[in-house]
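Reader: I should like to go through this entry by question and answer. Please show the sequence and the structure before we begin.

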Amino acid sequence: MNGFRTPRRVAGAPALRLVHAADAVQAEWSWFCGHCAAPAPGGRPPSPAARVCASCGFGLLLETRGDALPSERDAFLVVDGAMLIQGVSRQAEQLLAVGEEVAVNRPVSELLVAADAEAHGRTSFAEAVVEAAGGHGEAVHAFVRPWNTFGVRLRARIAPCGPPRAALVVLDPSPTQPLRAVPHSTA
Ligand SMILES: [Zn+2]
């Protein structure tokens, strides 16, 4: 046997994992600034000596999958495989009430708390970050809670980026699901 060289759908059976392999091959990567999300000039790979963003003069240019590329309006973090923060976008600075210069090299757990307790069957936030920082595969989602906000959970999209290898964590700015509804007064 030599793997699944000719994948065939059996009626009624799910096409297990085949989409993943195809997706990984097709994914195109693009450069962006790890602070302001500006694209690299001309969309071309920056030279190794010109990795600092020309738009904000502050962030490091990084590469990620096109389908995970953040915009300037996105709150996102760059987290390395040791779960340490290596970049914070402007929007994330506001969302999490912390400056990038303070956050860098601090554990991401100081800013984002995993909200996985009720999310059975989903990838945990820490697992997703470590996997992405290892350069694995496509964007995945996990739920987190900002350290400074209780009662909400944010959807985080986690994808590989670099170099050096790290995880790009893009936060959905609109908290969708309350962890639980706690009425302030009950009859
Ligand atoms: Zn920038």
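Reader: Which residues coordinate the zinc ion?
Author: Donors are N, O and S atoms within 2.8 Å of the metal (3.2 Å for Na, K and Ca), and water is not among the atoms, so sites may look incomplete. In this predicted model, the SG atoms coordinate the zinc ion at 2.3 to 2.4 Å. They belong to Cys33, Cys36, Cys53 and Cys56.

Reader: On what basis should I read these values?
Author: Residues are numbered from 1 along each chain as its sequence is written, and side-chain values use heavy atoms, with hydrogens and water left out. As the model is predicted, local features need pLDDT (the predictor's confidence in each residue, from 0 to 100) of at least 70, and side-chain atom pairs count only at pLDDT 80 or more, whereas totals for chains, interfaces and linings use all residues. The protein has 73% of its residues at a score of at least 70, and its average pLDDT is 81.

Reader: What is the geometry of the site of the zinc ion?
Author: Four donors count as tetrahedral if all angles lie between 85 and 135 degrees. The angles among the four donor atoms here are 104 to 115°. The site is therefore tetrahedral.

Reader: What spacing do the donors of the zinc ion follow along the chain?
Author: Along the chain, the donors follow C-x2-C-x16-C-x2-C. Cys33 in strand β1 (residues 29-33) and Cys56 in the loop between β1 and β2 (61-65) link distant parts of the chain; strands (E, at least two residues) and helices (H or I, at least four) are DSSP runs numbered from the N terminus. The separation of this pair is 23 residues.

Reader: Is Cys33 buried or exposed?
Author: Buried means under 20% relative accessible area, exposed over 50%, and partly exposed in between (1.4 Å probe, protein chains only). Cys56, at 21%, counts as partly exposed. Cys33 has 0% relative accessibility, so this residue is buried.

Reader: Which element gives the most to the largest nonpolar core?
Author: A nonpolar core is a set of buried Ala, Val, Leu, Ile, Met, Phe, Trp, Tyr and Cys residues joined through side-chain atoms within 4.5 Å. The largest has 26 residues, and Leu77, Leu112, Phe125, Ile158 and Val169 have the most contacts inside it. Elements giving two or more residues include β3 (75-79), β7 (152-162) and α4 (125-133). With five residues, the greatest contribution comes from α4.

Definitions and conventions:
Tetrahedral: all angles 85-135°; square planar, octahedral: opposite > 155°, others 65-115°.
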